[in-house]
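Grab a coffee and work through these exercises with the model open beside you. Try each task before you read its solution.

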Amino acid sequence: MHRRMTTTALAVALTGVLAVSACGSKSTNSDESGSSAGAPSSGLSIDKLAQINTSGQEVPVTAETDAADPAGDGKAKCPNTTIAMAGALTGADAALGINIRYGAQLAVDQHNAANADCQITLKTFDTEGDPQKATQVAPQIVSQDSIVALIGPAFSGETKATGGVFSQAGLVSVTASATNPALTDNGWKTFFRGLANDDVQGPAVAKYLTGKLGKKKVCVIKDDTEYGAGLARAVSASLGSANADCDGDVKKGERDFSAVVTKIQQASPDAVFYAGYYSEAAPLAQQLKSAAPDVTFVSGDGANDPNFISLAGNSAKGAVLSCPCGPAPDKFKADYTAKFNQKPGVYSVEAYDLATILMKGITEGKRTRSALLNYVKNYSGNGLARKYQWTPKGELTSSNIWVYQVK
C-alpha cells in the first residue's frame, strides 16, 4: 500500500520552507570539505567516508608527497602576468565559486611571496553561475590581452554557454568544478577539466549505493541545470534494478517540494539521489526528512557544501554526499584557514592545483596564450588532489570519487 503525505507532514514541510528562506544568508564550514565561515549551529559536519572507483568499490588513499608547489624555487622572473577566474561569486550558489576563488588566490599569493621578480595577478569575474550573465562576462575576459589563462567557468551551464568564446580566442580554460560530461564533446581546443566528470561520478555513486550501502530502491530527482541533467542521467543509468519509477524534476529557486516529496512517498524508496545545488538540496532534504524520515538523502558535489547543513539544519544528518574533489590536506587547510578565516570547501584544492599548473607554465617562459595552452595540453604532474594529465579532449586520464556523510 502506498503511503501519502499527511496534512501534518505537509504543514511541517512547508514550515521548513519558511525556515530555509529565513536563514538563506547564513554560511558555515566543515572539517573535511566545507567552505564558508562559521560552524553549523546544528553541530553537524561533512566527514569523508571513502574514496571509490567507477565500480563503487573503496580504494586506498595515496598521499601526494611530490605535489607541485606554487612557490617553486623562488627564483622565477617574468613580467607581470594576469590569470582570470570566472564563476559565481554572488547569488544563491556563491559559496561554490568563492571556494574556487580562494583556492586559486592562495596559490597566487604563495607564488608572489616567494618570487619578487615574477608577480602574477588573479583577476576575478562574477557570473553568478548564470549562463546568460556568463556570456556577457566572457568577451570582457578575452578582450584583455594581459589575461593569458582562465580558471573556470565554474558551473556546467555557463561553461557550455561560453566555451566557444574562449576556444576561439585561444585562451586556455581549466575548470575546477564543471562536471557535465558533454562539455568535452563540443570540439573546443582550450577546455580542460580538473576533476572527474559526471560519467565517472554517477556510476561510482550509484554502484556504491547499491553495493556498499545496500540500497534496493532509489529515486533520482534533478534540477533544471546542465549539471543536474548530466549527473542524474549518469546515476540513473547505473542503478540497475534499484532505479525506482519515481524520478522527479525541480527548478532552480524552487522551495516548495511537496509534489516531489509526495511522489517519493508513494514509491517508498530507501534512498533519494538529488542532482543539483545546495540551495535547493537543503529544503528538499528538510521536507523529505519531515515526510519520510527513513529515506536516505544522497547528492553530488553541487550540494557538498556546509551551506547545505546551514540551510537544512538537523535534517541534513545522515545525508551522503559525493564529489570528484578530494578533502583538503592538513597544511593546505591550515594555510587556507589562516588567510581567509574559513576552512576550504569543495573545489578549493582543485583551484589551488590548477592555478599552480598555470603559474608553473608562466615561470617556465610560457607567457602567451598559445604557449600556455600548449603547456597545459602536454602537462603531467602531481597536485594536492591528484595527478593532472589530460586526454586530447580535455578530460583527466584517471580519477576517483570521494564519498562523504553528514554527521
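**Exercise 1: a β-α-β unit and its neighbours**

Strand 10, helix 9 (residues 306–312) and strand 11 make up a β-α-β unit that is right-handed. Keep in mind that you're looking at a predicted model.

Task: Work out how strand 10 and strand 11 pair, parallel or antiparallel, and then see what pairs with strand 11 in the antiparallel sense.

Solution.
- Step 1. Start with strand 10 (residues 296–299): its pairing with strand 11 is parallel and has 2 bridges. To find the register, look for serine 299, which sits opposite leucine 321 of strand 11.
- Step 2. Now turn to strand 14, which pairs with strand 11 in the antiparallel sense over 4 bridges. Here valine 320 has glutamine 405 of strand 14 as its bridge partner.
- Step 3. Check the faces of strand 11 (residues 320–323). In a regular strand, side chains alternate between the two faces of the sheet. Val320 and Ser322 lie on one side, Leu321 and Cys323 on the other, and all of them are buried, so both faces are covered.

**Exercise 2: the whole sheet**

Task: Put the strands of the open sheet in order and say which strands are at its edges.

Solution.
- Step 1. The sheet has 7 strands, ordered 1-14-11-10-9-7-8, with mixed pairing.
- Step 2. Strand 1 (46–52) and strand 8 (248–249) are the edge strands, each of them pairing on one side only.
- Step 3. At the strand 1 edge, the partner is strand 14 (residues 401–406); the two run antiparallel and are joined by 6 bridges. One pair to click on is isoleucine 52 opposite isoleucine 401.
- Step 4. Next, add helix 7, which packs on the sheet and touches strand 7 (218–222), strand 8 and strand 9 (271–275). The direction of helix 7 makes about 165° with that of strand 7.
- Step 5. Look along helix 7 (residues 258–267) for buried positions: they are Ser258, Val260, Val261, Ile264, Gln265 and Ala267. Residues three or four places apart in an α-helix point the same way, because there are 3.6 residues a turn. Just past the end of helix 7, serine 268 has a positive phi of about 50°.

**Exercise 3: a crossover elsewhere**

Task: Trace the chain from strand 2 to strand 3 and give the handedness of the crossover.

Solution.
- Step 1. Strand 2 (residues 81–87) and strand 3 (residues 120–126) are parallel partners, with 7 bridges between them. Isoleucine 83 is opposite leucine 122.
- Step 2. Between these strands the chain passes through helix 2 (residues 94–114), and the β-α-β crossover is right-handed.

**Exercise 4: what fills the inside**

Task: Find the largest nonpolar core and say which residues have the most contacts inside it.

Solution.
- Step 1. The largest nonpolar core counts 112 residues, and the ones with the most contacts inside it are Val172, Phe297, Phe308, Tyr347, Leu358, Trp390 and Val406.
- Step 2. Helix 11 (residues 348–363) is the top contributor to this core, giving 9 residues. Domain 1 (65–197 + 326–384) and domain 2 (199–323) each supply at least three residues to the core.
- Step 3. Zoom in on phenylalanine 297. Leaving out neighbours within four places in sequence, its contacts include Val272, Tyr274, Leu284, Leu288, Phe308 and Val320.
- Step 4. Don't miss the second, separate core of 11 residues, with Ala86, Ile141, Val142 and Phe166 among them.
- Step 5. For the bigger picture, 58% of the 407 residues in the protein are buried.

**Exercise 5: unusual backbone spots**

Task: Look at asparagine 341 and tyrosine 347, and decide for each whether the residue is buried or exposed.

Solution.
- Step 1. Most residues other than glycine have a negative phi, and most peptide bonds are trans. That's the background for what follows.
- Step 2. Asparagine 341 has a positive phi near 60° and lies in the loop between helix 10 (330–340) and helix 11. Its relative accessibility is 63%, so asparagine 341 counts as exposed.
- Step 3. Tyrosine 347 has a positive phi near 80° and also lies in the loop between helix 10 and helix 11. With a relative accessible area of 3%, tyrosine 347 is buried.
- Step 4. Finish with the cis peptide bond between glycine 152 and proline 153, where omega is about -5°. Proline 153 is in the loop between strand 4 (147–151) and helix 4 (156–169).

Definitions and conventions:
Residues are numbered from 1 along each chain as its sequence is written. This is a predicted model: local features need pLDDT of at least 70, side-chain atom pairs count only at pLDDT 80 or more; totals for chains, interfaces and linings use all residues. Side-chain values use heavy atoms; hydrogens and water are left out. A nonpolar core is a set of buried Ala, Val, Leu, Ile, Met, Phe, Trp, Tyr and Cys residues joined through side-chain atoms within 4.5 Å. Buried means under 20% relative accessible area, exposed over 50%, partly exposed in between (1.4 Å probe, protein chains only). Domain bounds come from an automatic or database domain assignment. Contact means heavy atoms within 4.5 Å. Two strands pair if DSSP finds at least two bridges between them. A crossover is right-handed if, with the strands pointing away from the viewer, the path from the first strand over the helix to the second runs clockwise. Axes are lines fitted to C-alpha atoms, for helices over the stretch in contact, and angles run from 0 to 180 degrees between N-to-C directions.
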